[in-house]
Amino acid sequence: MSDIVTIGIAEIQVRQGDVRFRCVGIGSCVGVCLFDPIAKVTGFAHVMLPASFADHEPESPGKFADTAIPALIAAMEERGADPTRIVAAMGGGAQMFRILGGGESLDLGPRNLQAVEEQLNKYGIACVAADTGGNLGRTITFASDTGAVFVKANSREDRVLCELRAA
């Protein structure tokens, strides 16, 4: 297995072959792992916000769910992935922010989750497993050689969330 590729906030990475991706510090953001098990093409995005706006930074499509998922799929297709075989797993979308002095929240995590789910549905990609919500930060690791998706939340040990295989 090769070195671990760390996915930064608002970043997209795509690799073919055996790779290990790690996305650290996922709170209200959503870490999305896409995998074509036949072509062995893996894509990972660390989505920060639900929707882009007119003057968003076009050089940073990974920041927004509505630009990250299409860009991720396109980059995977360039490496031989077939969207009809792509399966997904995701984590994050926690409620990390509360308005100071009140019980109200910004609902950023749930909004991010909804936006990512809408994009996956738009492309007909099944999310086979998710570790989302709550108020814990997470680390997600994906190993393409086995298809295993691992999730670690705060002090919990790594646990296998799922194995991404053809749906």
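1. The count of disulfides in this predicted model comes to zero. For C29 the reason can be given in terms of distance: the closest cysteine sulfur belongs to C23 and lies 8.0 Å from the sulfur of C29, which is too far for a bond, given that a disulfide requires the two sulfur atoms to be within 2.5 Å. C29 counts as buried because its relative accessibility is 8%, and C33 likewise counts as buried because its value is 1%, the limit for a buried residue being under 20%.

2. As to the overall make-up, the protein chain contains two helices and 10 strands, and these follow one another along the sequence in the pattern β-β-β-β-β-α-β-α-β-β-β-β. Of the 167 residues in the protein chain, 47% are buried. When contacts are restricted to residues at least 6 apart in sequence, 60% of them join residues at least 24 apart.

3. Five strands make up an open sheet with mixed pairing, and their order across the sheet is β2-β5-β4-β6-β7. Strands β2 (12-16) and β7 (126-132) form the edges, each of them pairing on one side only. On average, and with direction ignored, neighbouring strands of this sheet are turned by 15 degrees against each other. Within the sheet, β4 (residues 30-36) pairs with β6 (residues 87-92) in the antiparallel sense, over six bridges, and in this pairing V30 stands opposite G92 of β6.

4. Helix α1, which spans residues 65-78, packs on the sheet and touches β2, β4 and β5 (41-47), its direction making about 165 degrees with that of β5. D66 has its place in this helix and, at 28% relative accessibility, counts as partly exposed. Leaving aside neighbours within four places in sequence, the residues in contact with D66 are P50, A51, S52 and Q119. A polar atom of the D66 side chain lies 2.9 Å from the backbone nitrogen of S52, while the C-alpha atoms of D66 and L49, which are 17 residues apart along the chain, are separated by 9.0 Å.

5. The largest nonpolar core comprises 23 residues, and those with the most contacts inside it are V32, L34, V47, M76, V116, L120 and I125. At least two residues of this core come from each of β4, β5, α1, β6 and α2 (108-122), with α1 supplying the largest share, six residues. I125 may serve as an example of how the core is connected: apart from neighbours within four places in sequence, I125 is in contact with L34, I73, P83, I86, V87, A88 and L120. There is also a second, separate core of 20 residues, whose members include V5, C29, F142 and L164, so that C29, which counts as buried at 8% relative accessibility, belongs to this second core.

6. A last point concerns T141, which lies in strand β8 (residues 138-143). T141 counts as buried because its relative accessibility is 3%, yet its side chain makes a polar contact, at 2.9 Å, with the side chain of R22. Not counting residues up to four places away in sequence, T141 touches R20, F21 and R22 as well as A148, V149 and F150.

Conventions
Residues are numbered from 1 along each chain as its sequence is written. This is a predicted model: local features need pLDDT of at least 70, side-chain atom pairs count only at pLDDT 80 or more; totals for chains, interfaces and linings use all residues. Side-chain values use heavy atoms; hydrogens and water are left out. Two strands pair if DSSP finds at least two bridges between them. Helices (H or I, at least four residues) and strands (E, at least two) are DSSP runs, numbered from the N terminus. Axes are lines fitted to C-alpha atoms, for helices over the stretch in contact, and angles run from 0 to 180 degrees between N-to-C directions. Contact means heavy atoms within 4.5 Å. A nonpolar core is a set of buried Ala, Val, Leu, Ile, Met, Phe, Trp, Tyr and Cys residues joined through side-chain atoms within 4.5 Å. Buried means under 20% relative accessible area, exposed over 50%, partly exposed in between (1.4 Å probe, protein chains only). A polar contact is a pair of N or O atoms within 3.5 Å; within protein, one must be able to donate a hydrogen and the other to accept it, and residues adjacent in sequence count only if both atoms are side-chain atoms.
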